[in-house]
Amino acid sequence: MAHRFPPTFLWGAATAAAQIEGAAHEDGKGDSIWDAFARVPGAIAGGDTPERAVDHYHRMPEDVALMRRLGLDSYRFSVSWARVQPDGVRTNAAGLDFYSRLVDELLAAGILPWLTLYHWDLPQTLEEAGGWPNRDTAHRFLDYAHAVHDVLGDRVDHWTTFNEPLCSSLIGYGGGEHAPGRMEPRAALGALHHQHLAHGLATRALRERGAENIGITLNLTNAVPNDPSDPVDLDAATRLDAIWNGAFLEPLLLGRYPQLFLDSVAGHRFAEFIHDGDLATIAAPLDFLGVNHYHDDNVSGHPLPPETPPGLRPTTYARGSMFVGSEDLTFPSRGLPRTAMGWEINPDGLRSLLVRLGQQYPQLPPLYVTENGSAWEDVVGEDGSVEDPDRVAYLEDHLDAVASAIEEGADVRGYFVWSLLDNFEWAWGYDKRFGIVHVDYDSQLRTVKRSGHVYAEIIRAHRDAAPTPAGQGIAAAI
């Protein structure tokens, strides 16, 4: 497998602040929307909270040493806005100091810091002022980006503005399963546009301050019609593609929203959110696009048969639809194997997506797979080891898919496995494990799973096959 990747291919792992840090109210950190949402009865499986998570805040040097032992080239982490600006306005020096120490630790270990500004943890005070449906939040994000760059910009070269804005807008404000748990279709659309605007404002400002590698991470899908010969299913797939992919890719790359998306949400007066100059700001040039992908979406415009078993849900907490304007979409099973999240496994979907993006958007910047992974019911053996053959197979098959996409012309320059550590899995609490490193949530003991060892072996084999030592030439390549 190793020889199928370019010599400068970047190997990494990813996490998110709210999922791993803990220390939710230490050193001046304020409530994020996830801290507040976790206090809502029934919102999080098991009544879990991110208060302690996996204690990365206190165990950060240990975790960086673990990354080094795994041989990672890069670590993709997020900064907690609520730690840096507890009230969304005032900058907390102690919060920024944690990330400064993290960056120094990574650099000392020879690991490239890959920083994400927003991975869903809006300060609760800003949510109480209207949250992302409030246009002012985009400007508060710009101030936050300035504050982070002022302290870390001398050592951090790679900046991701947003991780998966689809989730923090359409699911958080429309579907209700994610914080802040609102089920307001028009608010979800306002959040979508204002996050795009915040991205554009921050991208422009970071570049003015000298940042050279700026991008965004989107979770993208293949909208597969359940019956390709059925016009109803074809229409459903087209509408899903418009709201899931097009409503994010086209503003960023083309400075416009897809007409089908605009038509679908016209009843919610979406156009009123778009001010003169917004789309030009949003379409600021990107140096890279992060692609998160876990599964395809087999879609239909027909109701599911009555005997269809319900999909997995973390709790019985009320839910709305994230598919604003296309609430009739359904997702029949194709009978494929599924992970513990209930997500279909189809590695070729990742290959197809990466190839299609380059064909569909000639102006596409270089791609990085910034999240890809799987949850399973991991068991610690009597000898303390964690054998996870299903995750190993998922990892190897999806890396084969990435290699195949590169051979077909996709400009993919790196891969970040999700996730480095088992963690607080949002509405699922601690019930689902994605890590290549097992965490005992009581003792906080870290144990590298078989998948982690396999990933380290893949990285090592790539280095052995590469004509130059790993890490050399990476900066020039990206």
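A charge is said to sit over a ring if NZ of Lys or CZ of Arg is within 6 Å of the ring centre and within 35 degrees of the ring normal. In this predicted model, local features need pLDDT of at least 70 and side-chain atom pairs count only at pLDDT 80 or more, while totals for chains, interfaces and linings use all residues. Residues are numbered from 1 along each chain as its sequence is written, and side-chain values use heavy atoms, leaving out hydrogens and water.

Lys 432 offers a case of such a charge: its charged end sits over the ring of Trp 428, 4.6 Å from the ring centre.

Aromatic rings also meet one another. Rings of Phe, Tyr and Trp (its six-membered ring) pair if their centres lie within 6.5 Å, with planes under 30 degrees apart called stacked, over 60 edge-to-face and the rest tilted. The structure holds 40 aromatic pairs. One of them joins Trp 34 and Phe 37 edge-to-face, at 5.7 Å centre to centre and 80° between the planes. Trp 34 is buried, with a relative accessible area of 1%, and Phe 37 is buried at 3%; buried means under 20% relative accessible area, exposed over 50% and partly exposed in between (1.4 Å probe, protein chains only). Phe 37 also pairs edge-to-face with Tyr 317, the ring centres being 5.7 Å apart and the planes at 85°. Tyr 317 is partly exposed, with a relative accessible area of 22%. Ring pairs link Trp 34, Phe 37 and Tyr 317 into a cluster with further rings, among them Trp 120 and Tyr 441.
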